[in-house]
Every structure is written in C-alpha cells, then in structure tokens.
Amino acid sequence: MQSDFKHRPVLLESTLAGLVTTEGGRYLDGTLGGGGHAKAILDASGSDGIVIGIDRDPSALAAARSRLESYGNRFTAIHGTFGDMASLASAWAPFNGILLDLGVSSPQLDRPNRGFSFQADGPVDMRMDPSQGITAAQLLDKLDEPGLVDILRRYGEEPRARRIARAILDGRPWHSTIDLARCVSESSGYRNSRTHPATRTFQALRMAVNNELGQLEKALEAATSLLDVGGRLGIITFHSLEDRLVKRAFRTFSGHGTPKDAYGNPVTSPHFQLIHRRGIAGKDADAGHPRSRSARLRILEHIPHPSPH
Ligand SMILES: C[S@@+](CC[C@H](N)C(=O)[O-])C[C@H]1O[C@@H](n2cnc3c(N)ncnc32)[C@H](O)[C@@H]1O
C-alpha cells in the first residue's frame with residue numbers, strides 16, 4: 001500500500017519550524033494522507049511526542065498506518081472528517097500543534113478510478129471518502145442550471161459558468177472524466193490558456209462534492225478550542241478561496257476588528273496571535289516542490305489570557 005501512496009509533503013521545513021515547538025508534544029494532523037507530515041512531526045517531537053491523524057479517505061489511512069506502524073502507540077489514525085475534530089480528537093486534547101494540509105493528495109489525483117483527474121479517464125466520482133455521500137455524477141444529475149452555475153462561480157470562480165453549465169447539463173448522464181473535461185473545453189471556448197480549460201470546473205465540483213469550505217469553517221472553530229496555551233494551528237491552503245477564509249478567521253481570532261473603547265483599546269483581549277502576518281508562500285519557502293507554487297501556510301498561536309488586575 002505504502003509504495004503506491006507517494007505524496008511529498010508541501011512546505012515541510014516551514015511546517016515543522018512553525019508547529020513543533022514542544023519536545024514530547026501532542027499533535028493533531030487533520031489531513032493525514034499518506035502520513036508524510038505526520039512522520040516528520042513524530043521524528044521532530046522527541047521520543048514522547050504523539051500524533052493523532054484524521055483522514056476521510058480509507059486508503060490514505062491504510063497507507064499511513066502501515067508507514068507509521070513502527071511508532072507504536074505514539075501514533076493513532078482515525079477515520080473521519082476534520083470538521084468533526086472536536087468530537088474525534090477531544091480525548092487527546094489539548095494539543096500543542098494542529099495541522100491542516102488542505103485539498104487532495106497526489107495519490108488521489110493520480111488514481112483515475114477516484115475520478116478527480118481530467119487527464120486520465122475514470123468515473124465522475126471525486127469523493128475523498130468513497131464510502132460516503134454522492135458522487136459528482138450524481139450531483140450533476142440532481143442540479144438545475146442556476147444550481148450548477150452557482151457552484152462553478154462560487155467554488156471555481158469560473159467566468160464562463162453559464163455556458164459551461166448548460167453544456168454539462170445537456171450532456172448528462174456523465175460516466176467519464178475525460179468526456180466531461182472535453183465538454184467543458186469545447187463549451188468554454190478557452191483558447192491557449194495556461195491551465196486546462198476544465199481546471200476550474202473540476203475544482204468547483206470537487207469542492208461541492210466534499211463540502212470543502214463547510215469542513216474548513218467547522219474545523220477553524222473546533223481547532224481553536226482544542227489548542228493548549230502556546231499551541232499552534234497551521235493551515236496550508238492551495239487556492240484563494242481557502243486562503244481567504246483562513247486569513248479572515250485568523251485575523252478575527254487574533255483580535256483584528258475587535259470593537260475599541262473610548263481610548264482606542266480593544267474591549268476584549270484576543271486569545272490568539274498571528275505568527276507570520278502574511279503567512280509563508282510555498283513559491284518562496286519550498287520552490288522545488290511542484291505543488292507548492294500556489295501553497296500558503298498560515299499559523300496562529302494560542303496566547304495566555306492576561307490575568308485580571
Ligand atoms: C494534501 S493531502 C495531505 C497529505 C499529508 N499532509 C502528507 O504529508 O502525506 C490531504 C488529505 O486530506 C484529506 N482530507 C481532505 N479534506 C478532509 C476532511 N474534511 N476531513 C478529513 N480528511 C480530509 C484527503 O483525503 C487527503 O488524504
């Protein structure tokens with residue numbers, strides 16, 4: 001299992017430097033994947049460090065379990081979504097570090113039968129957890145034109161959403177990712193674009209099928225309640241929709257926009273602080289990694305609450 005689940009961790013050095021601040025600490029990896037980041041955290045956190053890993057994809061969990069078997073009870077893998085981390089991982093809380101490395105893994109993208117790829121043919125599936133929920137093909141069967149246009153605009157920021165949506169709905173039912181990608185290419189009319197014309201449509205459908213932004217919103221709230229004082233939450237995003245959500249939430253948690261009293265002092269003191277104001281861009285910190293080009297790591301720290309006078 002392990003050998004065909006290769007995924008090189010993105011922004012590895014920056015993640016370790018930003019997150020693993022405590023020898024023997026407790027860490028939660030909400031996007032375990034094949035266990036690349038988790039292994040590095042186990043190695044960096046001393047002989048007593050523990051990692052709890054969550055993934056919604058059973059094949060990722062199996063790969064991580066086999067890869068990290070030698071760490072014994074320092075490592076625990078849990079099947080579930082990171083949106084449910086409060087209930088799944090509360091038994092091990094509070095954590096010194098929580099990591100989310102968002103999106104799909106290279107093995108998920110590269111296996112045509114998972115249905116994420118428009119370059120290799122597969123069923124129009126796109127579920128990260130193939131044991132639950134509806135496939136992208138089933139979602140397309142249920143949608144009307146305004147519904148699909150909304151998904152393409154909201155999750156794909158696709159400027160030609162209406163004409164693409166019409167063509168997709170006319171071509172139903174969809175059985176092949178290659179056929180779907182061809183329909184998008186032909187109907188969108190994009191010529192000479194740097195990325196494949198179906199990139200935004202596939203991203204949008206994948207995000208809708210897996211409720212990716214809903215999961216992220218839930219996790220942002222939950223993670224702050226699971227962090228120890230001094231603990232850090234690190235989130236690696238891969239596109240502007242995710243990054244905007246994380247940036248806004250981190251600014252709110254760190255007191256930005258808190259109402260001020262008559263003297264200009266915030267009326268409540270924040271419990272969190274940003275570690276890097278702009279985050280760490282993958283293109284600067286991990287330039288050799290092909291997936292890092294659009295990656296950004298943002299880190300938030302739980303700070304002690306000032307004692308009352
Ligand atoms: C980019 S990969 C993580 C790779 C991992 N950091 C490594 O180094 O091997 C993202 C993983 O998160 C999982 N995932 C995405 N959204 C999830 C969610 N809401 N809940 C649980 N797992 C999720 C995917 O199934 C995938 O395995």
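Leaving aside its neighbours within four places in sequence, which residues is Met-85 in contact with? In this predicted model, the partners of Met-85 are Leu-28, Gly-30, Ile-54, Ala-219, Ala-222, Ala-223 and Leu-226.

**The nonpolar cores**

Met-85 is a good place to start, since Met-85, Ala-223 and Leu-226 have the most contacts inside the largest nonpolar core, a set of 51 residues. Helix H11 (residues 212-226) gives this core its largest share, 6 residues. A second core lies apart from it and has 28 residues, including Met-126, Ala-161, Ala-181 and Met-207.

**Strand S8 and its partners**

Let us turn to strand S8, which spans residues 296-302 and is mostly covered, with 6 of its 7 residues buried. Three strands that pair with S8 are set out here, each with an example of residues that face each other.

| Strand | Bridges to S8 | Direction | Example pair |
|---|---|---|---|
| S5 (residues 227-237) | 6 bridges | antiparallel | Gly-234 and Ile-299 |
| S6 (residues 272-274) | 3 bridges | antiparallel | Leu-274 and Leu-300 |
| S7 (residues 280-281) | 2 bridges | antiparallel | Ile-280 and Leu-297 |

When you follow these strands on screen, one general point may help: in a regular strand the side chains alternate between the two faces of the sheet.

**Helix H1**

S8 also turns up in the surroundings of helix H1. Within H1 (residues 12-19), the buried residues are Ser-14, Thr-15, Gly-18 and Leu-19. Seen down the axis of H1, these buried residues fall within an arc of 105 degrees, so they line one face of the helix. The general background is that an α-helix has 3.6 residues a turn, so residues three or four places apart point the same way. What do the buried residues of H1 pack against? Their neighbours are H2, strand S4 (95-101), S5, S7, helix H13 (282-285) and S8.

**Around the ligand**

H2 brings us to the ligand, because the shell there takes at least two residues from helix H2 (36-44), and strand S2 (50-55) likewise supplies at least two. The ligand is surrounded by 22 residues, the closest being Pro-9, Thr-31, Gly-33, Gly-36 and Asp-57. Sorted by class, the shell holds 12 polar, 6 nonpolar and 4 charged residues.

Terms used. Residues are numbered from 1 along each chain as its sequence is written. This is a predicted model: local features need pLDDT of at least 70, side-chain atom pairs count only at pLDDT 80 or more; totals for chains, interfaces and linings use all residues. A residue is near a molecule or strand if its C-beta atom, placed from the backbone, lies within 6 Å of it. Helices (H or I, at least four residues) and strands (E, at least two) are DSSP runs, numbered from the N terminus. Ala, Val, Leu, Ile, Met, Phe, Trp, Tyr, Cys and Pro count as nonpolar, Asp, Glu, Lys and Arg as charged, and the others, Gly among them, as polar. A residue is buried if 20 or more other C-beta atoms lie within 10 Å of its own, exposed if 12 or fewer, and partly exposed in between; C-beta atoms are placed from the backbone. Two strands pair if DSSP finds at least two bridges between them. A nonpolar core is a set of buried Ala, Val, Leu, Ile, Met, Phe, Trp, Tyr and Cys residues joined through C-beta atoms within 7 Å. Two residues are in contact if their C-beta atoms, placed from the backbone, lie within 7 Å. The arc is that of the directions from the helix axis to the C-beta atoms.
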